[in-house]
Amino acid sequence: MKMEKRQIIVIADDFTGAAEIGGIGLRHGLKVAIEPEPILNNGADLMVIATDTRSMSPEEAAENIRSITSKIMGSNPFLVYKKVDSVLRGNVAAELEAQLDVMGLDRALVVAANPVFSRVIRNGRYFINEVPLHETSFSLDHLHPIMSNDVTEIVQAYGSRIVCSSKHTDPLPETGLIIGDVETNDDLHAWTTISGNRTLFAGASGFFNAILNNLDLPITQTIPNVSQFQERALFILGSAFPKDNALLEKMKQNGHFHSNMPASIFHSQETNEDEFQRWVEEVVSGIDRYKKAIVSSVHTNTNDTDIINRVKKNMARLVREVLSRTLVNEILIEGGSTTTEILNELRIKKLVPVQEISVGVIRMEIENSEGLYVTTKPGSYSWPPNVWKKDEIEKMNNSKQINLASYG
């Protein structure tokens, strides 16, 4: 199908998911903009709205999606896609139902699995590398622990419409939320041929990429030539996803300074200002001496229900104060909610993807801020070595384009 010269708009439930979608658009030659609020007629072929609804209550998330959807429908987009978490965490049903109501549609088709990453849904059951989803580390998620691999059970929470799982060969219901079985790449692409009449397409990045592959897209730009990774970099490991301590050690061995959030700040509900400023100075000194600094928040588990919110706010404030005291060229952030908090703290409203380093790891320019790049990745993805190993960075900088065709 040939795409008309109108925007594709994607509403994502966290920032790293939005960035991943932006990277796919970049791969397809589209001009991409990522924004927290829809700014219509911005000249982008693909506008990605980076919400933080995954970390909201179902009621707040639904209201946010209603407001955004109402704004974007006035621009008569060519396609509206709802990006959800690839393992269906968050307020999936509440957000989809809100969007269906505003758009006047009857059903949502949700294709979340991606066989490229060994993530499959078979007979309504989700498996990663053949391990049931609830037996993986996603069961440890602080905000949305996965306690079952039955996709209808996962999605049904906080929703009122009927949720069912289906194969693409099944007769599909005319209403409700349909969670698609996917075991192979052929399955993934078969779902793109389902009639879009009265249907909202939703899911993970793999399904969105398959949809773009099925369109006759007007290529408006080539992958831009970007400057090489600059030496003064700040890594923020803010995701609540379990940390790989071995990776932290390898990063330190590759010439990075490591600073862990002080326990007194991590556990305290009221920040000790002197302790916080000492932490800021430690990170500033680390960047000045080693050029690259990693900041983490690895501590023993706690029953404090507000800990995640405090950690991301402290991380965001740290970034702002570090940037005010020393030169930083690259900010690399793990975790969508942490990214949103940092961008809000820095008052950044628009980013333009310029480099898809690996799937889900996207480097972006900040509008009207020359020389500062932001790279993000989901907490459950791994950092590719080419963003933290010195020899790999040089190899990447000397390569004009990374081959991502196998991720289609």
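Trainee: Which strand supplies the largest share of the lining of the second largest pocket?

Mentor: In this predicted model, β11 does, with three residues. Both β4 (79–83) and β11 (199–203) supply at least two residues of that lining.

Trainee: What makes a residue part of the lining of this pocket?

Mentor: A lining residue has an atom within 4 Å of a pocket point. For the second largest pocket, 21 residues line the space, and Phe-78, Leu-79, Gly-196, Thr-199 and Phe-201 lie nearest its centre. The pocket holds about 520 Å³ of space.

Trainee: How do the lining residues divide into nonpolar, polar and charged?

Mentor: There are 13 nonpolar, seven polar and one charged. Gly counts as polar, so Gly-196 falls among the polar ones.

Trainee: Why are Ile-8 and Leu-234 called members of a nonpolar core?

Mentor: Such a core joins buried nonpolar residues through side-chain atoms within 4.5 Å, and therefore membership implies that Ile-8 and Leu-234 are buried. In the largest core, of 105 residues, these two touch the most other members.

Trainee: What is Leu-234 in contact with, leaving aside its neighbours within four places in sequence?

Mentor: Its contacts include Val-283, Ile-287, Ala-293, Val-319, Glu-330 and Leu-332. Apart from the largest core lies another, of twelve residues, among them Phe-229, Met-251, Ile-357 and Val-361.

Trainee: What is the average pLDDT of the protein chain?

Mentor: The average is 87, and 87% of the residues score at least 70. Over residues 396–408 the pLDDT is below 50, although the stretch has 24 contacts in the model beyond near neighbours in sequence. Where pLDDT is low, predicted coordinates should not be read in detail.

Note on methods:
Residues are numbered from 1 along each chain as its sequence is written. This is a predicted model: local features need pLDDT of at least 70, side-chain atom pairs count only at pLDDT 80 or more; totals for chains, interfaces and linings use all residues. Side-chain values use heavy atoms; hydrogens and water are left out. On a 1 Å grid over the protein atoms alone, a cavity is a set of points where a 1.4 Å probe fits but cannot get out, and a pocket is an open set with protein on both sides within 12 Å along at least five of seven lines; lining residues have an atom within 4 Å of a point. Grid points are joined across faces, edges and corners, and a volume is the space filled by probe spheres set on the points. Helices (H or I, at least four residues) and strands (E, at least two) are DSSP runs, numbered from the N terminus. Buried means under 20% relative accessible area, exposed over 50%, partly exposed in between (1.4 Å probe, protein chains only). Contact means heavy atoms within 4.5 Å. pLDDT is the predictor's confidence in each residue, from 0 to 100.
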